[in-house]
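Here are a few exercises to work through with the model open beside you. Try each task before you read its solution.

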Amino acid sequence: AGVDDGTLAVCDFWNNRVRVLATCAKSTSPPNSEFTGRSLPAWGELCDWACTAGYYRTEAQTCAACFNLPPNSVYTGPGGPGSNSTWTDCPSKCVPGYFAANGTSVCAQCRQDTCPVGQYRGPCAASHGVCVACTQSPPNSHYTSGGSPFDQDNCAWECDTGFRREGDRCSDGTTWYLSALAGSAKSQGREDGFGTGVLFKVPRSLSGVTAGGKVYVADAQNHAVRVLDTSTGGVG
C-alpha cells in the first residue's frame, strides 16, 4: 500500500511481517556522489554510494575534486573508495582529436593535414593518426588524391590508360558473351560426341584447363569423370 511520504508498505507473506520500501534519503550521501546499491543493513536508510567522475572519497566520507587533470582531457570515473584515495586515482582520457603521447597522460593533438595521394589518416588513438593506404580503387586504376576529409578512406581514383570507367570498375571495353561448349539444356543422359550432341546428367564441377586444353567434368548422376576438349567441344 502507498503511504503519503512516498514510501511503500509491502506484505511479506513468508516472513510474517509488513515491511516498508522507501528511497534512500539524499542526505545520506554527500554532494557530487550517486547511490550505487541498496541500504546496508537492508532495513536502514544509509544506501551505498560512490563519488561521481572527477571526485574521490575522503576520510571524512565526502567527495573532493580530483585535480591536475591533463590539458585536453576529461575525467572518466571517480577515485577509488577508502582513506588512501588521492587525485591520482581519478582516471581520464583525451578528448576527441587528441591522443596519449608515448603512453603518458599528456594529450597531444592529432595531425589533421592531408596525406599523400592514395593515403588517408588512420584513427587518432595510440598515435597521431598515421597515413595508411586507401582501399577503394578497383583493378586497373590509380589514385589521384588523398582522403577528403583527411581521415576518410575515399581517395579519388581514375582508370589506367586503355581502360574506361564503368560504375565502380575499370573496363578495357571488351564485350563478353556466354555460349554453350558441349551438352544440351533440353536433354540429359550419357553420350559422347561434339557440341550439343554430347549428353551429361547433372554435371556438377569442372577442373582447371590443362596445358592441352582439356577440362575434366564431374558428371554426377552418371557417376563419371569425363574429358572435354575445349578447342572442339568434343567429349570422348
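**Exercise 1. Count the disulfides, then describe three of them.**

Solution. Counting a disulfide as a pair of cysteine sulfur atoms within 2.5 Å, you should arrive at seven. Before going on, note that this is a predicted model, where local features need pLDDT of at least 70 and side-chain atom pairs count only at pLDDT 80 or more, while totals for chains, interfaces and linings use all residues. Residues are numbered from 1 along each chain as its sequence is written, and side-chain values use heavy atoms, with hydrogens and water left out.

Step 1: take cysteine 51 and cysteine 63, whose sulfur atoms sit 2.1 Å apart in a disulfide. The torsion about their S-S bond is -90 degrees, a left-handed link. Now place the two ends, with strands being DSSP runs of E of at least two residues, numbered from the N terminus. Cysteine 51 belongs to strand β4 (residues 47–51) and cysteine 63 to strand β6 (residues 63–65), so the bond links distant parts of the chain, twelve residues apart. Both cysteines are buried, that is, under 20% relative accessible area, with exposed meaning over 50% and partly exposed in between (1.4 Å probe, protein chains only).

Step 2: move to cysteine 94 and cysteine 107, joined with an S to S distance of 2.2 Å. Their S-S torsion is about -90 degrees, so this disulfide is left-handed. Here the link runs from strand β8 (residues 92–94) to strand β10 (residues 107–109), and its cysteines are 13 residues apart. Cysteine 94 and cysteine 107 are both buried.

Step 3: finish with cysteine 110 and cysteine 124, where S to S comes out at 1.3 Å. Cysteine 110 is in the loop between β10 and β11 (119–121) and cysteine 124 in the loop between β11 and β12 (131–133), so the pair ties together parts 14 residues apart in sequence. Cysteine 110 is buried at 7% relative accessibility, whereas cysteine 124 is partly exposed at 30%.

**Exercise 2. Which residues make up the largest nonpolar core?**

Solution. Look for buried Ala, Val, Leu, Ile, Met, Phe, Trp, Tyr and Cys residues joined through side-chain atoms within 4.5 Å. The largest such set has seven residues: Tyr120, Cys134, Tyr143, Cys155, Trp157, Cys159 and Cys170. Apart from that set lies another core of six residues, including Val198, Phe200, Val217 and Val235.

Next, zoom in on cysteine 159 and skip its neighbours within four places in sequence. With contact meaning heavy atoms within 4.5 Å, cysteine 159 touches Asn140, Ser141, His142, Arg164, Arg165, Arg169 and Cys170.

**Exercise 3. Find the backbone oddities in the loops.**

Solution. Start with omega: the peptide bond from serine 148 to proline 149 is cis, with omega near 0 degrees. Proline 149 lies in the loop between β13 (141–143) and β14 (157–159).

Then check phi. Glutamine 61 has a positive phi, near 60 degrees, though not a glycine; this residue is in the loop between β5 (55–57) and β6. At 41% relative accessibility, glutamine 61 is partly exposed.

Histidine 223 also has a positive phi, near 50 degrees, and is likewise a residue other than glycine. Histidine 223 falls in the loop between β19 (214–219) and β20 (224–229), and is exposed at 75% relative accessibility.

Note on methods:
Helix = DSSP H or I, 4+ residues; strand = E, 2+ residues; numbered from the N terminus.
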